[in-house]
Each structure stands twice: as C-alpha cells, then as structure tokens.
Amino acid sequence: MPKKKVVFVLVEGPSDETALAPFFLILYDPNKVYVYVEGGDITSQKGVTSVNIINEVALRVKDYAKKHKIHNTDFERIIHIVDTDGTFIPEDKVKFDSCCQKTHYELECIKTANVNRILLRNRNKKNNVSKLVSVNHIWKIPYKVYYMSCNLDHVLYNKLNSTDDEKEFDSLDFYEKYENDYKGFVDFLCNSDFSVNMSYKDSWKYIEQGLNSLNRHTNVNLCFAPNSTV
C-alpha cells in the first residue's frame, strides 16, 4: 500500500513527459505521481474503437497496479493528455497533396497524400475521444481526458510538424526555461491566448467546433489553474 494515492498521468510520448511531468510532480507531490508514457496515440491506434477504448486505458493502469502490487483504491485519479490532431475539423478540410507522404498540419487544413486514411483516422479518433470525455471513472478511478491542439508542440512551442529530434530539443528547452519557475509555467499555461478557460465539458464542446482542433488551444490548464479540482 503506497503512503499516498497514485495520480496516474497518461501521455503520448517521451517529449510530452519531459515537458509536463516535472510540473505534475510539483502540483501533486513526487511521491504520488506516476507518468505513464504511451509511446503513441492510444485514441488512434489500429484496433482501438469506441467499444474498447475504455478497456485499453484501463489496461495501462492495471499493468502499473499489477507491477507495483496495488489496487484501484490506491489511485487518486487518472489524467489522460491527448493531441487533437485536427480530429474534429470538417472533412473537406482534409486536402490531397501528393507531396505530403507524412501528414502535414496547417491552421486551415490537413494536407496528405492519403485523404481516405486521415478521414478514417479522424472519424475513429473522434468517436474514441468522445467516449473518453463521456466517462468520469475508469476501473472505478476518477478519470478525465485533456487535450493539446493541434498537438503538444503547437501549444507549448507554437510549432507544427516538428521532427522527433525537434520535439526532444524543444521539450528539454521548455523544461529548462521553467524548471525553477513553476509560477511562470502556470501563468503561461493558464493565461495565454491558447488557454481554454471554460468548464471541463464546455472546453470539449469548444475544441469540437470548426477548425479549433487544428488551431492552438489546450484545456490542460484546467489541471493547474488556482483552486482547480481537476
């Protein structure tokens, strides 16, 4: 039995962990925070649908619990952070471009050499994310999912289409910038023009509108806002 209940933070990759984990450790206490790096976007993985997405998230938590010989009652909450990747934009904003063998994100559209693949991904991810937003508990643990739009690099560094090397460099640079300035980090996340300062449910309604899921927005600030109940 841990001395303090675990706050399980699920992120998509190592650069996300570098950029955000240190500040969750300050927010909650390093003795009770565990950051799980997914190594990919669970909401758009092949075979993951709205039917099994809840179970897929639960499996990550259960694996951690099994490894550490603890139970669901030993968790305080699950915080899940996902990139929106333009998931909610109108389908006619996914544009064919033979030069874009890799998905290319812009503020007004997504460019790709395989439009059908992106449309299918967006539909599936939209259903998965909507399912996650609709639940309050996973494995009987309080759960909420938050977004970075279009992705974490966009929100924190104002950059789209970063390479893996750029993601690594920028995350380290971001951490070093705020390493000894937690208040500065909170102010940046909570009081910037990209901060969606609404209720949790309203923040999700907002990101689903128009091109908002391509543009620079986040509701992760709701975790760090003063007097937040997450």
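This talk goes through the aromatic ring contacts in this structure, which is a predicted model.

There are 21 aromatic pairs in the structure. I will start with one of them, Phe 8 and Tyr 64. Their rings meet edge-to-face, with 5.8 Å between the centres and 65° between the planes. This pair links distant parts of the chain. Phe 8 belongs to strand 1, residues 6–11. Tyr 64 belongs to helix 2, residues 53–68, and the two partners are 56 residues apart.

Are these two residues buried or exposed? The cut-off for buried is under 20% relative accessible area. Phe 8 has 0%, so Phe 8 is buried. Tyr 64 has 12%, so Tyr 64 counts as buried too.

Tyr 64 also has a second partner to show you, Phe 75. That pair is edge-to-face as well, at 6.0 Å centre to centre and 65° between the planes. Phe 75 lies in strand 3, residues 75–83, while Tyr 64 lies in helix 2, so the pair ties together parts that are 11 residues apart in sequence. Phe 75 is buried, with a relative accessible area of 4%. To put the two pairs side by side: Tyr 64 in helix 2 pairs with Phe 8 in strand 1 and with Phe 75 in strand 3.

Next, a cluster. Which residues do ring pairs link here? They are Phe 23, Phe 24, Tyr 157, Phe 174, Tyr 178, Tyr 182, Phe 185, Phe 188, Phe 194 and Phe 224.

My last item is a charge over a ring. The residues are Lys 144 and Tyr 200. The charged end of Lys 144 sits over the Tyr 200 ring, 4.9 Å from the ring's centre.

Methods: Residues are numbered from 1 along each chain as its sequence is written. This is a predicted model: local features need pLDDT of at least 70, side-chain atom pairs count only at pLDDT 80 or more; totals for chains, interfaces and linings use all residues. Side-chain values use heavy atoms; hydrogens and water are left out. Rings of Phe, Tyr and Trp (its six-membered ring) pair if their centres lie within 6.5 Å; planes under 30 degrees apart count as stacked, over 60 as edge-to-face and the rest as tilted. Helices (H or I, at least four residues) and strands (E, at least two) are DSSP runs, numbered from the N terminus. Buried means under 20% relative accessible area, exposed over 50%, partly exposed in between (1.4 Å probe, protein chains only). A charge sits over a ring if NZ of Lys or CZ of Arg is within 6 Å of the ring centre and within 35 degrees of the ring normal.
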